[in-house]
Amino acid sequence: MIRQILQNISHKYASKWLVMLFDLSIVAFTFIAAYVIRYNFILDFDFITMFKQIPFVFLAALLSFMMVGSYKGVVRFTGFKDVINIIIGVNILATILIISTFFSRRYHFDSIFNISGSIIYIHLLLNILFLVGFKLFIKSIYNKLMQDFKTQTRILVFGAGSSGMITYDAITNDPRNSHIVVGFIDDNESKIGKKINTLSVYSLEKITPAFVEKQGIEEVIISIQNIESTRLLQVSGLLFELGLKVKIVPPVQHWIDGDLSIGQIKDVNIEDLLGRDPISITNPACVVEYENQIILITGAAGSIGSEIARKASNYAYKKLILLDSAESPLYELQQEFVQKGIKNFIAVVADVRDFRRMERLFHKHKPKIVFHAAAYKHVPLMENNPYEAVSVNIAGTRHVASLSVKHGVNKFVLISTDKAVNPTNVMGATKRIAELYVNCLQGKGKTKFITTRFGNVLGSNGSVIPLFKKQIDAGGPLTVTHKEITRFFMTISEACQLVLEAATMGNGGEIFVFDMGKSVKIFDLAKNMIILSGLRYPEDIDIKITGLRPGEKIYEELLADGENTRPTYHDKIMIAKTKDIDVLTVSDKISNLCTVNSKSQTLEIVSLIKDLVPEYISNNSKYEVLDSND
C-alpha cells in the first residue's frame, strides 16, 4: 500500500507557483529572523516598520526569483545548477534592497525602503541557508523513502577523481535508481586509504573474493574518462573473474546537455575490450563531396555496403542507387529506408558479373561516385570455390571499374581487406588482384580510383562475434582455430567512416589503411565473451581448438612486403606506398584470368592467380602443392 502511494507521488510534481509561494514565505520568515539576529535576540526594534517592509521584500524576491527561474525546478531533483540559481536569485534580491536603501536615504523616501545594511546581509545568508537547505532536505527525505522500498545493488566506482565524483552524484541524485555506492577504487596510491564523502578508496588488489562477499558488492562502474583500452581489458578481466558486473561511463561528449545520468551508464561490451581506441573522423568536406551527387553502392545489402548506404543517406545527395544480387537482404534495407523516410534512392537487384546489365545501369543512372563493396569474403568457402571468387571479386570489380572509366565516374572506391596483404588463401589473393586492376586503370580517364583496406569488422555477417554468440546460446563450446591466432578489429561504423572519408580525401591511386592498434587474440576474445555473458570459463563454457582452416593465417597484416606508409591529416589514417607494377602485363594477365569458366580446372585457376600475385603462398591448403612446384 505504502509502495503504491509512493509510486503515485513519484509521478506527480508540485506546481511551480506553489514552489514560488513557499520560497517567498521562507524569504519573509528569514527577514523577520534577520531583524531578531541584528538586535541580538532582544525584541527592541520598530515592529511596525519591519512589517511594512515585508511586502516590499516579498515583491523584490518575486522579481528576483522570476528573473532566474529558480521556482521552476523540481524540488526532489534539486541539483548543483538549482543551488546556483537560488544563490544568484537571493543575491539579486539583496542588490535590489541595497539600491532601494541607497535612494531612500539620498532622496528621503518612505522608511519602508530604508533597510539596514547588516539586516540585508544577514537576510542574504539566511536565505541561502534556508532555501537551499530546505530543498535538499525534501530531496533527501524523498530519496530515502523511495530507496527503502527497493532492493539496492551495492556498487563500487572505479576512479576517485572528478569523473568518479560526477558518477557518484549521478547515482545518489537519482531517486529512481536502486544502486548504493559503498566505496571507490583507484590506482593512485596517494588516494588509497583515504575517504571521499565518507566512503573509502581501495586499491584494485584489495578487491578480493572475500572482500566482495563481505561487502555484498555486485557491480563496479568504471568512471575514468579516456581509460586506455588495454587497462580497461585488464581491469574488466579481474572484476569479471570475481563474478562482478562491470559498467562504464560514456565519454563526456555523449552526456546529455553536458550532464551525466544513470541511464547513460552502460554495460561493458566487446567493442570496449578490443584493446584499441575507437577511430573517429569528422570532416566537413564530406558534406560538399556528396552534395547533389548520384551515388552507386554495389553489395549494398551486405554488412559494409548497407552501413555505407545508411551513412551516405545523411548527405544531400541527388540519388542513391543500392545494388545487390541478394534479394531478401536488399528488400530489408529498402524497407528500412522507406520507414525512415529516406528519399531519392532506388534498390536494384543485379549481379556485378553481368556486364551488359551493369552497362545499362551506368547508362541509365549515370553515377558519379561508386562504392564497390560487392565481393565474396568467406575464406573457407572461396578456398573450395576459386572460380566463384574470381568471377565476383575480380571479374565483377573489372566490370564496375571499367564502366566507371567509360561513363566518367568521378571517384571509384574499392572495399578491400587485410587478407589481400601477402595472401595465404584464394579470397585474399582475388581481392589483391582487384586492387591491382583498379591501380591499372588509374589515369586512364577522369575517374579517381581509391582503395580502402581494413581488418575484421565486428558484427558483420559471418564474423567471429556473431558466431561466438550463437555458440554461447547453444551452451558451447566456442571454437577457435588456433590458440595464438590474432586479428585486427574495427566496428562497422568505423569501417564505413573510413570508406566515406577516403572518397573525400583520395586523389586517385591510394590505398588507405588504418592504424588499428594492436591485434587481438581470438582466444582472449572468446574468453571475454563468455565472461560478458555472465558465465565462467571453462567451468560453464569451454573453448575448443579446431585447427587452422584451409588458407587461414595465424597473423593478419595491413601492409604487403615492400610497402610502407605516408601520413594523412588524420593520425589514424595512412596511405600505403605500393610497389610499381607493369600495367600492360598485369592487365593482360587479369583479362586472361577473367576468361576462365566454370569448367576450368581448379588448380589451373589457382595457378593463374599465383602468377599474378607471387606473394600468394597457400597455407594449410590443397593448393600448397602449387607452391612447392613454383
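What follows is a chat between a trainee and a mentor about this predicted model.

Trainee: Let's start broad: how many helices and strands does the protein chain have?
Mentor: Keep in mind that we're looking at a predicted model. The chain has 630 residues, and 50% of them count as buried. Its secondary structure comes to 21 helices and 22 strands.

Trainee: What share of the contacts with a separation of 6 or more comes from residues 24 or more positions apart?
Mentor: Here we set aside pairs with a separation below 6 and look at the rest of the contacts in the protein chain. Residues 24 or more positions apart account for 76%.

Trainee: Okay, on to the sheets. Which strands stand at the edges of the seven-strand open sheet?
Mentor: Read the order across that sheet, β3-β4-β2-β1-β5-β6-β7, where the pairing is mixed. An edge strand has a single partner, so one side of it is left without a neighbour in the sheet. That picks out β3 (195-196) and β7.

Trainee: In that sheet, which residue of β2 stands opposite T153?
Mentor: Strand β1 covers residues 153-158 and strand β2 covers residues 179-185. They pair in the parallel sense over six bridges. Opposite T153 you'll find H179.

Trainee: And at what angle does helix α6 run to β2?
Mentor: Helix α6 (residues 162-172) lies across β1, β2, β3, β4 (199-202) and β5. Against β2, the helix runs at about 165°.

Trainee: Do β6 and β7 run parallel or antiparallel?
Mentor: Look at the other partner of β6 before you decide: four bridges join β5 (residues 217-222) to β6 (residues 245-248), and those two run parallel, with I221 partnered by K247. On the β7 side there are two bridges, and I248 stands opposite K266. The pair β6 and β7 runs antiparallel.

Trainee: Now the nine-strand sheet: what does its twist average from one strand to the next?
Mentor: This one is also an open sheet with mixed pairing, in the order β10-β9-β8-β11-β12-β13-β18-β22-β21. Its edge strands are β10 (345-349) and β21 (564-567), each pairing on one side only. From one strand to the next, the twist averages 25°.

Trainee: How many bridges join β8 to β9?
Mentor: Strand β8 (residues 294-298) and strand β9 (residues 319-324) run parallel. One spot to find on screen is I294, opposite K319. The number of bridges joining the strands is five.

Trainee: Is A503 buried or exposed?
Mentor: A503 lies in helix α17, and that helix lies across β11, β12, β13, β18 and β22. Beyond its neighbours within four places in sequence, A503 is in contact with E289, Y290, F371, K411, V413 and I450. Its relative accessibility is 0%, under the 20% cut-off, so A503 counts as buried.

Trainee: How many of the 10 residues of helix α10 are buried?
Mentor: Helix α10 spans residues 303-312 and is largely enclosed by the rest of the structure. The buried ones include I304, I308 and A309, and also E307 and K311. The tally is nine of the 10.

Trainee: Why do α14 and α15 count as roughly parallel?
Mentor: Helix α14 (residues 386-406) and helix α15 (residues 426-441) have axes 9 Å apart. Residues making the contact include V390 and I394 of α14 and I433 and Y437 of α15. Angles under 35 degrees count as roughly parallel, and that fits this pair because they pack at about 15°.

Trainee: What is the handedness of the crossing of α12 and α14?
Mentor: The axes of α12 (residues 355-365) and α14 come within 10 Å and cross at roughly 35°. F355, M358, E359 and F362 in α12 meet H399, V400, L403, S404 and K406 in α14. By class, that's five nonpolar, two polar and two charged residues. The crossing is right-handed.

Trainee: One more: is K610 buried or exposed?
Mentor: K610 sits in helix α20 (residues 602-612). Not counting residues up to four places away in sequence, K610 touches Y616, I617, S618, Y623, L626 and D627. At 8% relative accessibility, K610 counts as buried.

Definitions and conventions: Residues numbered from 1 in each chain as written. Predicted model: local features only at pLDDT ≥ 70, side-chain atom pairs only at ≥ 80, totals over all residues. Heavy atoms only, no water. Axes fitted to C-alpha atoms, helices over the stretch in contact; angles between N-to-C directions. Contact = heavy atoms within 4.5 Å. Pairing = 2+ DSSP bridges. Buried < 20%, exposed > 50% of the residue type's maximum accessible area, 1.4 Å probe, protein only. Left-handed = near helix turned anticlockwise from the far one by under 90°. Nonpolar A, V, L, I, M, F, W, Y, C, P; charged D, E, K, R; others polar.
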